[in-house]
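Q: Please take a close look at a single part of this structure, the place where two helices meet. Explain the terms along the way.

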Amino acid sequence: VHTARDYEFFPTAATLVEEMLDELPIQRGMIALEPNAGDGAIAKELASRLGSTQAVTCYELWPKKVDALRALGFAVDQPE
């Protein structure tokens, strides 16, 4: 299935991010993986709750989003 959206990007609303993360036992000192980081909506809130962008590793396919995530201070893995 193909859509008109580049790289199948569908942003996550801030209220949904908060609701989702409120259900998890997140504590400072933990580390997290954001497997489809997109514009970083989830990664940014995770970093806030974990205390650092270094606690969150992002995975993203779209080069434009990879650059933006790195500019925010996230480590980003992407396919070779």
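A: What follows describes one helix pair and then one aromatic residue. This is a predicted model, in which local features need pLDDT of at least 70, side-chain atom pairs count only at pLDDT 80 or more, and totals for chains, interfaces and linings use all residues. Residues are numbered from 1 along each chain as its sequence is written, and side-chain values use heavy atoms, with hydrogens and water left out.

Helix H1 covers residues 14-22 and helix H2 covers residues 41-50; helices are DSSP runs of H or I with at least four residues, numbered from the N terminus. Their axes come within 10 Å and cross at roughly 50°. An axis is a line fitted to C-alpha atoms over the stretch in contact, and angles run from 0 to 180 degrees between N-to-C directions. H1 is therefore oblique to H2, a word for angles that are not under 35 degrees (roughly parallel), over 145 (roughly antiparallel) or 65 to 115 (roughly perpendicular).

From H1, Val-17, Glu-18, Met-20, Leu-21 and Asp-22 meet Ala-41, Ile-42, Glu-45, Leu-46 and Arg-49 of H2, where contact means heavy atoms within 4.5 Å. The residues of this contact are 6 nonpolar, no polar and 4 charged. Here Ala, Val, Leu, Ile, Met, Phe, Trp, Tyr, Cys and Pro count as nonpolar, Asp, Glu, Lys and Arg as charged, and the others, Gly among them, as polar.

Phe-9 sits in the segment before H1. Leaving out residues up to four places away in sequence, Phe-9 touches Gly-38, Asp-39, Trp-62 and Lys-65. The C-alpha atoms of Phe-9 and Asn-36 are separated by 9.0 Å, although 27 residues apart along the chain.

Conventions
Helices (H or I, at least four residues) and strands (E, at least two) are DSSP runs, numbered from the N terminus.
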